[in-house]
Amino acid sequence: MKKAPWAASLTLTACGGGDDTADAKSTATAQAKASPSPSPASGGEMGAGESATGKVAEDPGEVTYEVLAQKVEVGTEAEAAKAVSEPDKVKGKVLAVAHVKYTHKSGPALTDGSDVHDGTTVFADGQRGSVLIGAPEDGAGCEDPYDVESWKQGESHVFCETYVVPANAKSVEVHWSEEDGEPYVWKFPNG
């Protein structure tokens, strides 16, 4: 896996909990609704290069997306320490940047952004990572989802999610989940 460079001091936060540790039982914060074709019904393990299809309630209406976790770039402990304002909180941890491609398959054209990436989280060895607030969203190979204001059927965008995970994790997983649904899971080896 490629190493991810980080230059700015950022804030580490755990989603779904009150501390900086991952919440193993929490599920992805999603705003998507599944469509069973062509992916497994309501989530499931995905193979390398395999896409999931799901529907997201957008403004002005429901959009069907094809979602593909392309890769995860795992950094070093030193990079993680430089990236946060409190380096002691990331001792023994690394940054994991998930690259996820979203393709607008059907539904109305979007004119004011999308919520499709809200359903994405990163896990390591089955434990949810801590999201890195303020991470650059438009790094190499990534687009800032807040810069995408117009999105028509057939167009694709790659958005990245940055999480902090244990350095010794054997695998890193990208989860994309529909609202109240089971997550689709792509596993990537760490190392």
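Glu-161 is buried (under 20% relative accessible area with a 1.4 Å probe, protein chains only; over 50% is exposed, in between partly exposed) and yet has no salt bridge. A salt bridge here needs a side-chain nitrogen of Lys or Arg within 4 Å of a carboxyl oxygen of Asp or Glu. The nearest side chain of opposite charge, Arg-128, sits 8.5 Å away; Lys and Arg count as positive, Asp and Glu as negative, with His and the chain ends not counted. Keep in mind that this is a predicted model: local features need pLDDT of at least 70, side-chain atom pairs count only at pLDDT 80 or more, and totals for chains, interfaces and linings use all residues. Side-chain values use heavy atoms, without hydrogens and water, and residues are numbered from 1 along each chain as its sequence is written.

**Around Glu-161**
- Glu-161 belongs to strand S10, residues 156-166 (strands are DSSP runs of E, at least two residues, numbered from the N terminus).
- Beyond its neighbours within four places in sequence, Glu-161 contacts Ala-96, Val-97, Ala-98, His-117, Thr-120 and Val-122 (heavy atoms within 4.5 Å).

**Nonpolar cores**
- A nonpolar core joins buried Ala, Val, Leu, Ile, Met, Phe, Trp, Tyr and Cys residues through side-chain atoms within 4.5 Å.
- The largest one has 32 residues, and Tyr-65, Tyr-102 and Trp-186 have the most contacts inside it.
- S5 gives this core its largest share, seven residues.

**Aromatic rings**
- Trp-176 and Tyr-184 form a stacked pair, 6.0 Å centre to centre with 25° between the planes.
- Pairing means ring centres of Phe, Tyr and Trp (its six-membered ring) within 6.5 Å; planes under 30 degrees apart are stacked, over 60 edge-to-face, the rest tilted.

Definitions and conventions:
Helix = DSSP H or I, 4+ residues; strand = E, 2+ residues; numbered from the N terminus.
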